[in-house]
Amino acid sequence: MTDQQLRVSKIRNGTVIDHIPSGQALNVLAILGIDGTGGDVVSIGMNVPSERLGRKDVVKVEDRELSQSELDVLSLVAPDATINIIREYDVTEKHRVDRPERVTGVLRCPNRNCITTEGEPVDSEFEVLDDGIRCVYCDTIIRDDIASHILV
Ligand SMILES: [Zn+2]
């Protein structure tokens with residue numbers, strides 16, 4: 001643990017998501033489906049000084065180890081995120097996020113005529129491209145501000 005990580009209190013068990021671009025912490029929580037109603041204990045550090053990023057956000061989720069596939073979706077808003085799995089106050093695993101090939105059920109297609117937005121029981125599904133994401137149902141491509149399409 002570096003001094004900077006210590007700005008947000010240590011947790012005993014859980015997941016620390018570090019090196020989130022500043023301003024994206026709440027989008028990270030939305031992607032993970034954490035809205036406070038599930039009882040998860042969550043600490044958020046925003047605009048924490050970072051050598052690598054200048055400023056960064058940090059999210060700590062106690063007593064929950066997030067799966068690699070959950071975390072890979074984060075790469076859409078936090079491509080440089082570092083994932084630390086904490087057990088008994090120690091970092092036992094450290095991962096980087098990878099861009100997934102597909103993202104299902106997390107983002108809303110901006111096309112009002114898309115089958116996924118017409119009230120049909122069809123989960124949205126996007127193929128991840130180098131420069132954006134493409135709806136597999138209607139081929140709409142989202143290139144900018146992917147976070148604004150997160151389903152809440
Ligand atoms: Zn679509």
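Start by selecting residues 132–135: this is strand E8, joined to E9 by two bridges, with the two strands running antiparallel. Keep in mind as you go that you are looking at a predicted model.

**Stop 1: the E8–E9 pairing**

Show the side chains of isoleucine 133 and arginine 134. Isoleucine 133 has isoleucine 142 in E9 as its bridge partner, while arginine 134 stands opposite isoleucine 141 in E9. Now follow the chain from E8 into E9. The two strands form a hairpin with five residues between them. Pause in that turn at aspartate 139, which has a positive phi of about 65°.

**Stop 2: back to E7**

Next, select residues 125–129, which make up strand E7. E7 pairs with E8 in the antiparallel sense, over four bridges. Which residue of E8 stands opposite glutamate 127? Arginine 134 does, and you have already met this arginine opposite isoleucine 141 on the E9 side. E7 and E8 also form a hairpin, here with two residues between them.

**Stop 3: the whole sheet**

Zoom out and color the strands in the order E6-E7-E8-E9. Together these four make an open sheet with antiparallel pairing. Its edge strands are E6, at 102–104, and E9, at 141–142; each of them pairs on one side only.

**Stop 4: the zinc site**

Now select the zinc ion and display the cysteines around it. Which atoms coordinate the zinc ion? They are the SG atoms of Cys109, Cys114, Cys135 and Cys138, at 2.3 Å. Turn on angle labels if your viewer has them: the angles among the four donor atoms are 101 to 116°, and the site is tetrahedral. For comparison, the ideal angle for four tetrahedral donors is 109.5 degrees.

Along the sequence, the donor residues follow the spacing C-x4-C-x20-C-x2-C. Cysteine 114 sits in the loop between E6 and E7 and cysteine 135 in strand E8, so this pair ties together parts that are 21 residues apart in sequence.

**Stop 5: the cysteines, one by one**

Switch on a surface and click through the four donors. Are cysteine 114 and cysteine 135 buried or exposed? Both are buried. Cysteine 109 is buried too, with a relative accessible area of 3%. Cysteine 138 is partly exposed because its relative accessible area is 24%, and the buried class ends at 20%.

One last check while the cysteines are displayed: how many disulfides does the structure hold? The count is zero.

Definitions and conventions. Residues numbered from 1 in each chain as written. Predicted model: local features only at pLDDT ≥ 70, side-chain atom pairs only at ≥ 80, totals over all residues. Heavy atoms only, no water. Pairing = 2+ DSSP bridges. Donors = N, O, S within 2.8 Å, 3.2 Å for Na, K, Ca; no water. Tetrahedral: all angles 85-135°; square planar, octahedral: opposite > 155°, others 65-115°. Buried < 20%, exposed > 50% of the residue type's maximum accessible area, 1.4 Å probe, protein only. Disulfide = S-S within 2.5 Å.
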